[in-house]
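Trainee: I should like to learn how the features of a protein model are read. May we go through an example together?

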Amino acid sequence: MHDAMPAHPVLGVIGRSGSGKTTLLEFVVKELAARGLRVNLVKHSHHDLALEPPQKDSARLRLAGAAEVLVASPYRFAIVHELRGAPEPSLAQQLARMGPADLTLVEGFKTDPIPKLEVFRPEVGQAPLYPHDPHVIAVASDSPAPADLREGVQWLDLNAREHVLAWLLLQLENKLEK
(Lines give C-alpha, C1' and ligand atoms only; values in the text may rest on other atoms or scores of the structure.)
Protein backbone atom coordinates (compact mmCIF):
# COMPACT_ATOMS: atom_id res chain seq x y z
CA MET A 1 0.00 0.00 0.00
CA HIS A 2 1.12 3.55 -0.68
CA ASP A 3 1.50 6.36 1.83
CA ALA A 4 -0.42 9.07 -0.06
CA MET A 5 -3.03 10.91 1.97
CA PRO A 6 -6.61 11.01 0.62
CA ALA A 7 -7.82 13.92 -1.51
CA HIS A 8 -10.52 14.81 1.02
CA PRO A 9 -9.81 16.69 4.26
CA VAL A 10 -8.40 14.82 7.24
CA LEU A 11 -8.45 16.25 10.78
CA GLY A 12 -6.82 14.63 13.77
CA VAL A 13 -8.56 14.98 17.11
CA ILE A 14 -6.04 14.56 19.91
CA GLY A 15 -5.98 14.99 23.66
CA ARG A 16 -5.22 13.23 26.88
CA SER A 17 -7.37 10.35 28.11
CA GLY A 18 -10.49 11.70 29.79
CA SER A 19 -10.40 15.07 28.02
CA GLY A 20 -13.67 14.53 26.13
CA LYS A 21 -12.49 13.64 22.62
CA THR A 22 -15.11 10.96 22.03
CA THR A 23 -17.95 13.09 23.40
CA LEU A 24 -16.98 15.96 21.10
CA LEU A 25 -16.50 13.63 18.13
CA GLU A 26 -19.90 12.03 18.70
CA PHE A 27 -21.55 15.46 18.57
CA VAL A 28 -19.56 16.62 15.52
CA VAL A 29 -20.15 13.41 13.54
CA LYS A 30 -23.89 13.49 14.30
CA GLU A 31 -24.18 17.14 13.23
CA LEU A 32 -22.12 16.73 10.06
CA ALA A 33 -24.04 13.60 9.06
CA ALA A 34 -27.33 15.45 9.67
CA ARG A 35 -26.12 18.05 7.14
CA GLY A 36 -25.67 15.30 4.56
CA LEU A 37 -21.88 15.06 4.83
CA ARG A 38 -20.15 11.70 4.68
CA VAL A 39 -17.76 11.44 7.62
CA ASN A 40 -15.25 8.63 8.07
CA LEU A 41 -13.49 8.03 11.34
CA VAL A 42 -10.22 6.30 12.17
CA LYS A 43 -9.88 5.36 15.85
CA HIS A 44 -6.47 4.17 16.96
CA SER A 45 -6.19 1.80 19.89
CA HIS A 46 -3.10 0.65 21.71
CA HIS A 47 -5.04 -2.44 22.83
CA ASP A 48 -5.90 -5.65 21.01
CA LEU A 49 -9.26 -5.55 19.26
CA ALA A 50 -11.95 -8.11 20.01
CA LEU A 51 -14.48 -7.57 17.24
CA GLU A 52 -16.25 -10.90 17.33
CA PRO A 53 -16.90 -13.59 19.91
CA PRO A 54 -14.17 -16.27 19.68
CA GLN A 55 -16.66 -19.07 18.99
CA LYS A 56 -18.15 -17.39 15.87
CA ASP A 57 -17.25 -18.86 12.48
CA SER A 58 -15.45 -15.69 11.35
CA ALA A 59 -13.18 -15.72 14.42
CA ARG A 60 -12.55 -19.43 14.10
CA LEU A 61 -11.51 -19.02 10.46
CA ARG A 62 -9.31 -16.01 11.23
CA LEU A 63 -7.63 -17.92 14.05
CA ALA A 64 -7.18 -20.89 11.70
CA GLY A 65 -4.92 -18.69 9.57
CA ALA A 66 -7.00 -16.53 7.21
CA ALA A 67 -5.14 -13.28 6.45
CA GLU A 68 -8.39 -11.29 6.20
CA VAL A 69 -11.97 -12.11 7.04
CA LEU A 70 -14.76 -9.94 5.68
CA VAL A 71 -18.00 -10.39 7.59
CA ALA A 72 -20.99 -9.12 5.62
CA SER A 73 -24.64 -8.60 6.53
CA PRO A 74 -27.53 -6.55 5.12
CA TYR A 75 -26.65 -3.86 7.71
CA ARG A 76 -22.85 -3.50 7.68
CA PHE A 77 -19.61 -5.22 6.90
CA ALA A 78 -16.28 -5.40 8.65
CA ILE A 79 -12.86 -6.55 7.55
CA VAL A 80 -10.59 -8.08 10.14
CA HIS A 81 -7.01 -8.15 8.92
CA GLU A 82 -4.45 -10.09 10.93
CA LEU A 83 -1.00 -8.49 11.02
CA ARG A 84 0.67 -11.72 12.16
CA GLY A 85 3.85 -9.93 13.19
CA ALA A 86 3.90 -7.42 10.32
CA PRO A 87 4.35 -3.76 11.31
CA GLU A 88 1.26 -1.76 12.09
CA PRO A 89 0.11 0.05 8.92
CA SER A 90 0.69 3.80 8.80
CA LEU A 91 -2.17 6.25 9.02
CA ALA A 92 -1.87 6.90 5.27
CA GLN A 93 -2.17 3.17 4.61
CA GLN A 94 -5.21 2.93 6.86
CA LEU A 95 -6.83 5.92 5.15
CA ALA A 96 -6.20 4.37 1.72
CA ARG A 97 -8.40 1.41 2.74
CA MET A 98 -11.38 3.65 3.50
CA GLY A 99 -14.07 4.79 1.13
CA PRO A 100 -14.53 8.36 -0.07
CA ALA A 101 -15.76 10.97 2.40
CA ASP A 102 -16.26 14.68 2.81
CA LEU A 103 -14.09 14.50 5.94
CA THR A 104 -12.12 11.87 7.79
CA LEU A 105 -11.64 12.42 11.48
CA VAL A 106 -8.73 10.65 13.13
CA GLU A 107 -8.64 9.94 16.86
CA GLY A 108 -5.15 8.88 17.83
CA PHE A 109 -2.10 8.87 15.54
CA LYS A 110 -1.18 12.04 17.44
CA THR A 111 2.38 12.18 16.10
CA ASP A 112 1.32 12.14 12.44
CA PRO A 113 1.82 15.42 10.54
CA ILE A 114 -1.86 16.17 9.86
CA PRO A 115 -3.93 19.19 10.90
CA LYS A 116 -5.18 18.60 14.45
CA LEU A 117 -7.74 19.81 16.94
CA GLU A 118 -6.69 19.24 20.54
CA VAL A 119 -9.28 18.70 23.24
CA PHE A 120 -7.71 20.08 26.42
CA ARG A 121 -9.12 20.15 29.95
CA PRO A 122 -6.72 21.33 32.68
CA GLU A 123 -8.60 19.27 35.31
CA VAL A 124 -7.37 16.07 33.62
CA GLY A 125 -4.06 17.02 35.23
CA GLN A 126 -1.76 16.58 32.25
CA ALA A 127 0.07 19.11 30.12
CA PRO A 128 -1.46 20.16 26.79
CA LEU A 129 0.00 18.80 23.56
CA TYR A 130 -0.38 21.91 21.37
CA PRO A 131 2.72 23.82 22.57
CA HIS A 132 4.95 21.07 21.15
CA ASP A 133 2.95 20.11 18.04
CA PRO A 134 3.07 22.58 15.13
CA HIS A 135 0.24 20.65 13.42
CA VAL A 136 -2.32 21.64 16.06
CA ILE A 137 -4.44 24.29 14.37
CA ALA A 138 -7.06 24.62 17.12
CA VAL A 139 -7.65 23.79 20.77
CA ALA A 140 -11.09 23.14 22.24
CA SER A 141 -10.87 23.79 25.97
CA ASP A 142 -12.98 24.71 28.95
CA SER A 143 -10.28 27.13 30.11
CA PRO A 144 -9.37 30.56 28.73
CA ALA A 145 -6.68 30.87 26.05
CA PRO A 146 -3.19 31.39 27.45
CA ALA A 147 -1.45 34.68 26.77
CA ASP A 148 1.39 32.92 24.95
CA LEU A 149 -0.80 30.99 22.50
CA ARG A 150 1.08 30.35 19.26
CA GLU A 151 -0.03 32.55 16.37
CA GLY A 152 -2.45 30.80 14.05
CA VAL A 153 -3.90 28.46 16.71
CA GLN A 154 -7.63 28.96 17.24
CA TRP A 155 -8.88 28.68 20.83
CA LEU A 156 -12.39 27.25 20.96
CA ASP A 157 -14.80 26.93 23.87
CA LEU A 158 -15.29 23.21 24.46
CA ASN A 159 -18.53 23.96 26.34
CA ALA A 160 -19.95 25.69 23.23
CA ARG A 161 -19.89 22.66 20.94
CA GLU A 162 -21.86 24.55 18.28
CA HIS A 163 -18.93 27.00 17.99
CA VAL A 164 -16.50 24.10 17.59
CA LEU A 165 -18.80 22.74 14.87
CA ALA A 166 -18.97 26.16 13.16
CA TRP A 167 -15.15 26.31 13.19
CA LEU A 168 -14.97 22.84 11.66
CA LEU A 169 -17.51 23.69 8.94
CA LEU A 170 -15.43 26.76 8.07
CA GLN A 171 -12.31 24.57 7.93
CA LEU A 172 -14.14 22.21 5.57
CA GLU A 173 -14.96 25.13 3.30
CA ASN A 174 -11.25 25.97 3.31
CA LYS A 175 -10.25 22.27 2.99
CA LEU A 176 -8.46 22.36 6.36
CA GLU A 177 -5.69 24.57 5.06
CA LYS A 178 -3.88 26.84 7.47
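Trainee: In which element does Glu118 lie?

Mentor: The model before us is a predicted one. Glu118 belongs to strand β6, which covers residues 116-120.

Trainee: What should one look for around a charged residue such as Glu118, and which side chain of opposite charge is nearest?

Mentor: A salt bridge requires a side-chain nitrogen of Lys or Arg within 4 Å of a carboxyl oxygen of Asp or Glu. Glu118 is buried and has no salt bridge. The nearest side chain of opposite charge is that of Arg16, at 5.7 Å.

Trainee: Which backbone nitrogen atoms does the side chain of Glu118 approach?

Mentor: There are two to examine here. The side chain of Glu118 reaches the backbone nitrogen of Leu129 at 2.8 Å. In addition, a polar atom of the Glu118 side chain lies 2.6 Å from the backbone nitrogen of Tyr130.

Trainee: With which residues is Glu118 in contact, leaving aside neighbours within four places in sequence?

Mentor: Its contacts include Ile14 and Gly15, the run Pro128, Leu129 and Tyr130, and also Val136, Ala138, Val139 and Ala140.

Trainee: Let us turn to salt bridges. How many does a search of the whole structure find?

Mentor: The search finds nine salt bridges. One of them joins the side chains of Asp57 and Arg60, with an N to O distance of 3.8 Å. Both residues lie in helix α2 (residues 57-64), three residues apart, about one turn of the helix.

Trainee: Why do Asp57 and Arg60 count as exposed?

Mentor: The term applies to a relative accessible area over 50%. Asp57 is therefore exposed, because its relative accessibility is 54%. Arg60 is likewise exposed, because its value is 53%.

Trainee: Which residue forms a salt bridge with Arg62?

Mentor: The partner of Arg62 is Glu82, and their closest N and O atoms are 2.5 Å apart. This pair links distant parts of the chain, as Arg62 is in helix α2 and Glu82 is in the loop between β4 (77-81) and α3 (91-97), 20 residues apart. Arg62 counts as buried because its relative accessibility is 14%, whereas Glu82 is partly exposed, at 23%.

Trainee: Which residue pairs with Glu123 in a salt bridge?

Mentor: Glu123 pairs with Arg121, and the closest N and O atoms are 3.8 Å apart. Glu123 is exposed, with a relative accessible area of 56%, and Arg121 is partly exposed, at 23%. Elsewhere, salt bridges that share partners join Arg62, Glu82 and Arg84 into one network.

Trainee: I should also like to consider a residue without charge. Is Asn40 buried or exposed?

Mentor: Asn40, found in strand β2 (residues 39-43), counts as buried because its relative accessibility is 9%. A polar atom of the Asn40 side chain lies 2.8 Å from the backbone oxygen of Gly99. Beyond its neighbours within four places in sequence, Asn40 is in contact with residues including Met98, Gly99, Pro100 and Leu105.

Trainee: Finally, how is the whole chain to be described? How many helices and strands are in the chain?

Mentor: The chain contains four helices and eight strands, and along the sequence their pattern is β-α-β-α-β-β-α-β-β-β-β-α. Of its 178 residues, 37% count as buried. Among contacts between residues at least 6 apart in sequence, 57% join residues at least 24 apart.

Methods: Residues numbered from 1 in each chain as written. Predicted model: local features only at pLDDT ≥ 70, side-chain atom pairs only at ≥ 80, totals over all residues. Heavy atoms only, no water. Helix = DSSP H or I, 4+ residues; strand = E, 2+ residues; numbered from the N terminus. Buried < 20%, exposed > 50% of the residue type's maximum accessible area, 1.4 Å probe, protein only. Lys, Arg positive; Asp, Glu negative; His and termini not counted. Polar contact = N/O pair within 3.5 Å; in protein donor to acceptor, adjacent residues only side chain to side chain. Contact = heavy atoms within 4.5 Å.
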